[in-house]
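Work through the exercises below with the sequence and the model open beside you, and try each task before reading its solution.

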Amino acid sequence: MEQLKNIMDAVVAGNIGETKDAVRQALDKGTAPVDVIDKGLVAGLDVVGEQFGSGEMFLPEMILSAAAAREGITIATKGMEKGQYKPKATIVLGTIKGDLHDMGKNLVALLLRSRGFEVIDLGIDIHEEQFISAIREHTPELLGMSCLMTTTMMGMKDVINALTEAGLRDTVKVIIGGCPVTQEFASQIGADYYGRDAGSTATLLEKSLADLEKSLADIKGKGQRI
Ligand code: B12
């Protein structure tokens, strides 16, 4: 589709103005915001990632592309947080230590909020002590960790170990995501779920609510919280 291609091209070119225009045009023509994001903005960032990885693109250009995509996401998601209702469950969410990427995490937060979850977003570069103290403070049903680099992914295992040491592992279900992460890796480090993208994460967690409700009620003895 031409509009989505225009968005992709504008992101790859790192052109903020053109990205915003292309996003507005696509939305005006009736393209669903989720397609604008996934098939336009994120598809553009995927090309950027490939070009950066192969040495065709350098950091300053990747920063511009990221800024363009961020502006586009802001336009495409405008209004999505409206219509909040009683939280289905609370999730503490953060990008793992050493990792500053946050666009994916922010999309997950937005989608989960729009689907009725309470999201406590801790931000980026979050160390195990910060996750632990947020869990003590907010007693969430879920802990979500995001990671975009192979060099930072083992940090998620450190958090799971720290949860166990603190006696908190059984009080939360852990979900992880981000581009280097797989279902296999999630199982290896002892996470409960792997979320491929924001949309499927919201659906997965909604489907799991019945299981979550049962196991967490058993563990916490706190009844019908979810
Ligand atoms: C944009 C970008 C940046 C931006 C980040 C801006 C920001 N505020 O986030 C900037 C320019 C700052 C940046 C910096 C760097 N980057 Co960078 N970056 C990217 C890029 C192009 C896109 C990432 C992105 O935002 N994608 C769009 C979002 C929407 O997708 P997503 O993050 O995958 O999220 C979705 C899913 O993964 C999932 N998800 C994500 N998190 C979670 C969490 C949960 C709980 C769940 C369930 C699901 C989930 O749902 C999301 C939405 O659908 C990627 C390449 C790529 N294609 O991924 C490289 C990439 C990740 N970066 C890379 C690198 C190397 C770096 C730098 C080290 C570069 C440098 N030399 O300084 C620094 C890292 C600094 C640091 N310490 O973190 C490498 C990582 C390589 C590796 N080791 O694995 C990549 C893969 C590029 C490459 N091919 O080399 N980067």
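A residue counts as buried when its relative accessible area is under 20%, as exposed when that area is over 50%, and as partly exposed in between, with a 1.4 Å probe and protein chains only. The model is predicted, so local features need pLDDT of at least 70 and side-chain atom pairs count only at pLDDT 80 or more, while totals for chains, interfaces and linings use all residues. Residues are numbered from 1 along each chain as its sequence is written, and side-chain values use heavy atoms, with hydrogens and water left out.

**Exercise 1. Find the salt bridge of K97, and state whether each of its two partners is buried or partly exposed.**

Begin with the definition: a salt bridge is a side-chain nitrogen of Lys or Arg within 4 Å of a carboxyl oxygen of Asp or Glu. The side chains of K97 and E128 satisfy it, with 3.1 Å from N to O. Next, place the partners, taking helices (H or I, at least four residues) and strands (E, at least two) as DSSP runs numbered from the N terminus. K97 sits in the loop between β1 (90–96) and α5 (103–114), whereas E128 belongs to helix α6 (residues 128–138), so the pair ties together parts that are 31 residues apart in sequence. Then compare each accessibility with the cut-offs: K97 has 22% and is therefore partly exposed, while E128 has 17% and is therefore buried. Finally, look for shared partners, and K97, E128 and D158 are found joined into one network of salt bridges.

**Exercise 2. Describe how helix α2 and helix α4 pack, and which residues meet.**

Take the geometry to begin with, where axes are lines fitted to C-alpha atoms, for helices over the stretch in contact, and angles run from 0 to 180 degrees between N-to-C directions. For α2 (residues 16–28) and α4 (residues 59–76) the angle is about 30 degrees and the axes are 9 Å apart. Angles under 35 degrees count as roughly parallel, over 145 as roughly antiparallel, 65 to 115 as roughly perpendicular and the rest as oblique, and α2 and α4 are therefore roughly parallel to each other. Now list the contacts, meaning heavy atoms within 4.5 Å: I16, T19, K20, V23, R24 and L27 of α2 meet L64, A67, A68, E71, G72, I75 and A76 of α4. Sorted by class, this contact has eight nonpolar, two polar and three charged residues; here Ala, Val, Leu, Ile, Met, Phe, Trp, Tyr, Cys and Pro count as nonpolar, Asp, Glu, Lys and Arg as charged, and the others, Gly among them, as polar.

**Exercise 3. Identify the salt bridge between E71 and K20, and say what it ties together.**

The side chains of E71 and K20 meet at 4.0 Å, N to O. E71 lies in helix α4 and K20 in helix α2, so this pair ties together parts that are 51 residues apart in sequence. As for accessibility, E71 is partly exposed at 33%, and K20 is likewise partly exposed at 25%.

**Exercise 4. Where do D9 and K5 lie, and how many residues apart are they?**

Both residues lie in helix α1 (residues 2–13), four residues apart, which is about one turn of the helix. Their side chains form a salt bridge of 2.8 Å, N to O. D9 is partly exposed at 38%, and K5 is partly exposed at 47%. In total, the structure holds ten salt bridges.
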